[in-house]
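Me: Could you take a close look at one part of this model for me? I would like to hear about the aromatic contacts and what goes on around them.

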Amino acid sequence: MIQGHQEKKTEQDMDQEPSLLHGGDLYGAARQSGRAAGELLDFSANINPLGIPPRVRQAILDHMEQTQRYPDPLCRRLVQAIASKEGLDAGQILCGSGGADLIYRFAYARRPGKALLPAPTFAEYEEALGQVGTKLMFHALGENMQVGEAFVEALEPGTKAVFLCNPNNPTGLLTERSLIVKLLEKARTLGTTVFLDECFLDFVEGEEKITCKGYLEEFPNLIILKSFTKMYAIPGLRLGYVLSGNRKLLEAMRRAGQPWAVGGLAQEAGMAALEDPDFPVRTRQAVDREREFLREELSKLGLLVYEGTANYLCFRAPGETRLYEKLLQEGVILRRCANYRGLDPEHYRAAVRNREENRRFLQAIATVLADKNIEEMEQ
């Protein structure tokens, strides 16, 4: 177990390192590559390869007048639609401006004195908790990167929050629900809130057997994060929500941010998305097929690929710490994972896209690796 600390980066540092903190920074990558943003193939952002559903696109166009008035601050119609979809009471739902907004709202509402996080995991948890002075304890997952019994054992008295991403980001590895229930039981006895991020679970076949939303009443110390961003390809609109049986916590989170958390167009897009229950099914079929294709082809290139289950793959490129820069010169953006605790500069994450784009990505990475081999032979 290690205690964490924050290393703040200046704007200049971030401009020189596009896509290091997050995926999808087309603008910074374009400046670095000397190309227009539209010319780059972005494998750093894990967005649905099927794109925006037609129903959602039309809803955005049909409700442009929403921009002329303030949106519903409580997202009433959207909350009711989510409640119907999730099979929950509307009082168990809070909407926000994307998953990140709700992570920060939780941090500012609860201000936990000490929190436990696996390493590696989504870096935004650490950033949000660091802003409120939380003492961060990191549990290293080890070489297989799997969350196991040791993570539950690492939860100790005095810990006020524990964060878990399922499937984990960036590895894509799943944690068994039975283990999460053990974590919830121990956390309840210690008075610890479990923040469970299920944003990528929509991409996993059999998600109903994995999600913990059925435990909200039994465990009021559980809060689950969900997002429209990835599944419905609308990161520019910003829309997410949390589920919890702890209504006081949800109210505290609502008050922890500005009152109009979700724009009108985002609310309309969310309601339209929920009217197409077949879209996630088609997405999972496409993602499963393309993920296996990418996994096989990346492995053939000598890369060590984790057995991810979501719409991205994490891999290690032995001896190659500048793969991002080299691929950028080929017009491809990859997600570097050096800023994830527990990973090093040889680790990368690639989104799962459509077959044509995946082939272009594989060709680019094959070219870069072949050039590296030639250079090594000439030395």
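Reply: Happy to; what follows goes through the aromatic pairs, then the charges over rings, and then a strand in the interior. Please keep in mind that this is a predicted model.

The structure holds 14 aromatic pairs. A good one to start with is the pair of phenylalanine 163 and phenylalanine 195, whose ring centres are 4.8 Å apart with 20 degrees between the planes. Planes under 30 degrees apart count as stacked, and this pair is stacked. Phenylalanine 163 belongs to strand β6 (residues 161-165) and phenylalanine 195 to strand β7 (residues 193-197), so their contact ties together parts that are 32 residues apart in sequence. Both phenylalanine 163 and phenylalanine 195 are buried. They also belong to one aromatic cluster, in which Phe163 and Phe195 are joined by Phe106, Phe122 and Tyr125.

Another pair has another geometry. The rings of phenylalanine 200 and tyrosine 312 have centres 4.9 Å apart, and their planes meet at 75 degrees, so this pair is edge-to-face. It links distant parts of the chain: phenylalanine 200 sits in the loop between β7 and β8 (222-227), while tyrosine 312 is in strand β11 (residues 312-316), 112 residues apart. As for exposure, the cut-off for buried is under 20% relative accessible area. Phenylalanine 200 has 6%, so it is buried, and tyrosine 312 has 0%, so it is buried too.

Two arginines also take part in contacts with rings. Arginine 353 lies over the face of phenylalanine 43, 5.6 Å from the ring centre. Arginine 355 lies over the face of phenylalanine 293, and here the distance to the ring centre is 3.9 Å.

Now to the strand. In β9 (residues 240-244), 5 of the 5 residues are buried, so the strand is largely enclosed by the rest of the structure. Gly240, Val242 and Ser244 point one way from β9, Tyr241 and Leu243 point the other way, and all are buried. Strand β9 has partners to look at as well. Strand β3 (residues 93-96) runs antiparallel to β9 and is joined to it by 4 bridges; here glycine 96 stands opposite glycine 240. Strand β8 is also antiparallel to β9, with 5 bridges between them, and isoleucine 224 stands opposite leucine 243 in β9.

If you want to follow this in your viewer, you could begin with phenylalanine 163 and phenylalanine 195, the stacked pair, then turn to the edge-to-face pair of phenylalanine 200 and tyrosine 312, and end at β9, which is largely enclosed.

Notes:
Residues numbered from 1 in each chain as written. Predicted model: local features only at pLDDT ≥ 70, side-chain atom pairs only at ≥ 80, totals over all residues. Heavy atoms only, no water. Phe/Tyr/Trp six-rings, centres within 6.5 Å; stacked < 30°, edge-to-face > 60°. Helix = DSSP H or I, 4+ residues; strand = E, 2+ residues; numbered from the N terminus. Buried < 20%, exposed > 50% of the residue type's maximum accessible area, 1.4 Å probe, protein only. Lys NZ or Arg CZ within 6 Å of the ring centre and 35° of its normal. Pairing = 2+ DSSP bridges.
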